[in-house]
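This report describes how two protein chains meet. Please consult the sequence and the structure shown below while reading.

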2 protein chains.
Amino acid sequence: MTGFSFEKIALLGVGLIGASVARAAKKKGLCGEVVGYGRSRGNLMRAKEKGILDAFEETAAAACEGADLIVLSAPVGAFYGLVESAAASFRTGAVVTDTGSVKGELVYEMERLMPAGVSFIGGHPIAGSDRSGIDASSDDLFVSAKCIVTPTERSDKSALEKVMALWRAFGPEVVTMDPHRHDRIYASVSHLPHLIAYTLVNTAAELEPSSLAFSGRGFLDTTRIAASSHELWRDICLMNRENMLEAIRLFRRNLDELSGYLAASDADSLDREFLKARKLRGAIGQD
Amino acid sequence: MTGFSFEKIALLGVGLIGASVARAAKKKGLCGEVVGYGRSRGNLMRAKEKGILDAFEETAAAACEGADLIVLSAPVGAFYGLVESAAASFRTGAVVTDTGSVKGELVYEMERLMPAGVSFIGGHPIAGSDRSGIDASSDDLFVSAKCIVTPTERSDKSALEKVMALWRAFGPEVVTMDPHRHDRIYASVSHLPHLIAYTLVNTAAELEPSSLAFSGRGFLDTTRIAASSHELWRDICLMNRENMLEAIRLFRRNLDELSGYLAASDADSLDREFLKARKLRGAIGQD
């Protein structure tokens with residue numbers, strides 16, 4: 001698919017990811033205009049001043065009016081509300097996509113919420129960060145990222161091609177994946193690590209309130225994502241609840257196992273488990 | 001204390017930390033010569049070729065002969081064996097220090113192992129990394145680090161001053177701390193995070209073997225220290241066993257609490273705990 005472009009992109013949610021989508025689309029000449037909607041008028045005004053948005057609207061419905069691409073880049077917890085309030089103004093033939101960290105049932109529910117003639121295709125660029133907001137956005141945020149796209153049997157082929165072509169134009173490798181498989185994978189490599197990082201910070205502070213001041217690079221790296229939005233991650237954990245509960249159960253079983261080895265001063269078993277992790281981690285690189 | 005220097009530094013263990021001590025001491029003109037001992041003759045030869053060592057010896061005892069400063073920079077699990085094999089050759093008036101991640105009882109045991117007229121002062125530069133080996137070493141590794149020094153009531157004042165002056169000369173802020181308090185603090189901000197990072201990698205791989213290939217920056221950051229030496233961290237965990245078992249118990253209690261909130265879809269409680277961690281983590285910076 002070459003030479004495609006969108007007349008009007010409606011951006012519902014103008015933060016790090018949404019603003020980076022707008023910037024990348026403008027840089028690649030893939031859109032006529034980008035119109036934004038978000039909770040904070042001050043943020044929308046700043047995004048317009050910076051040239052990230054061409055215009056913004058007071059309601060999601062107004063922003064979506066006439067748009068041929070609608071990108072949900074608000075926190076996932078806000079998706080249903082946004083679509084419910086704006087769906088009546090979606091134009092026939094429009095493609096709706098998102099950038100959220102949860103897929104699974106959400107994707108099927110979004111498909112059900114689409115008006116006739118409007119297609120939903122789920123997307124998830126793997127470019128999250130502890131940073132947030134338009135000041136951290138850039139037109140090359142996605143260049144070396146992956147983007148997961150999660151079509152279903154109901155997905156419109158032409159809409160799917162458009163969404164995949166958009167992401168490919170931004171740089172990333174685009175991988176299609178079943179929505180439920182996405183949620184199992186990201187429970188393990190993203191959602192669980194966030195919950196663990198939050199737990200680690202609270203535990204360290206509780207064990208010894210002064211300890212955080214003595215932390216080094218290891219602690220800073222390991223807990224960096226605990227500086228991420230608590231509201232966003234609360235919603236992601238809740239929306240991927242079953243996978244998260246299973247991931248926590250397995251994590252806990254593995255932790256109990258290590259704790260047992262330590263209590264028994266079983267050096268060989270500790271060594272074996274640490275080495276297993278070291279090899280797995282070494283294989284995916286440092287950056 | 002100004003104008004001090006050592007005639008001969010014996011370095012027992014020539015890896016990232018030991019080689020960086022040698023380089024920093026040479027850069028600052030704080031030593032006549034640095035003589036190394038380590039397990040790998042090939043590594044010692046390379047360290048000499050690179051000018052990190054002036055010479056190396058076949059035994060720890062030979063390396064320590066005539067040294068006025070002996071630095072234990074091998075993995076902590078090797079300290080007792082090194083001192084037992086070399087103590088007879090420690091010169092009267094020599095200062096012995098270390099760079100290990102565990103203090104506590106180890107410090108008192110090292111004091112007991114010192115021959116008459118030889119002082120031990122425990123040290124711990126907070127400059128560890130998932131990297132290791134002399135190629136990662138540098139003369140400014142410690143510049144913006146902290147260094148914890150753990151004197152006891154038995155510590156010789158002049159030896160303590162020399163060790164503190166050495167670290168101050170390398171750049172870091174030097175903090176003195178009770179050896180047992182050190183181990184409680186570093187169980188929480190270093191040793192537990194390592195064990196958790198190893199657990200996280202093994203759990204993710206077990207939940208979904210393909211998942212690691214889909215990980216993003218959050219997972220890479222959170223698990224970076226799982227690429228650290230499994231033998232080193234096995235020994236650190238075992239040597240700080242009681243604090244580690246307590247840290248794991250509290251971590252597990254906090255994890256069970258979050259798991260309960262998630263199972264009950266208790267958004268407010270999840271939000272409260274995530275926000276608490278976010279504020280604590282935000283207060284210690286990103287780098």
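In this predicted model, 40 residue pairs are in polar contact across the interface of chain B and chain A, both residues of each pair being at pLDDT 80 or more. The side of chain B that touches chain A draws two or more residues from each of strand S7 (146-150), helix H7 (179-207), helix H8 (217-222), helix H9 (230-239), helix H10 (241-263) and helix H11 (267-282) of chain B. H7(B) gives the largest share, 20 residues.

The residues on the side of chain B that touches chain A fall into these classes:

| Class | Residues of chain B |
|---|---|
| Nonpolar | 46 residues |
| Polar | 19 residues |
| Charged | 22 residues |

Between chain B and chain A, 12 salt bridges are counted. One of these joins the side chains of A:Asp256 and B:Arg252, with 2.8 Å from N to O.

In terms of extent, 87 residues of chain B contact 87 residues of chain A. The two chains bury about 8,500 Å² between them, and carbon and sulfur atoms account for 67% of that area. Of the area that chain B buries against chain A, 9% comes from B:Phe214, B:Leu262 and B:Phe274, more than from any other three residues.

As to symmetry, a turn of 180° with a shift of 0.0 Å along the axis lays chain B on chain A with an RMSD of 0.0 Å. This relation is that of a two-fold axis. Within chain B, B:Thr222 has the C-alpha nearest the axis, at 1.9 Å. The copies meet through the same surface, because 100% of the interface residues of chain B are also interface residues in chain A.

Methods
Residues numbered from 1 in each chain as written. Chains lettered and ligands numbered in written order. Predicted model: local features only at pLDDT ≥ 70, side-chain atom pairs only at ≥ 80, totals over all residues. Heavy atoms only, no water. Contact = heavy atoms within 4.5 Å. Buried area = accessible area lost by both parts, 1.4 Å probe. Salt bridge = Lys/Arg side-chain N within 4 Å of Asp/Glu carboxyl O. Polar contact = N/O pair within 3.5 Å; in protein donor to acceptor, adjacent residues only side chain to side chain. Helix = DSSP H or I, 4+ residues; strand = E, 2+ residues; numbered from the N terminus. Nonpolar A, V, L, I, M, F, W, Y, C, P; charged D, E, K, R; others polar. Least-squares fit on C-alpha atoms with pLDDT ≥ 70 in both.
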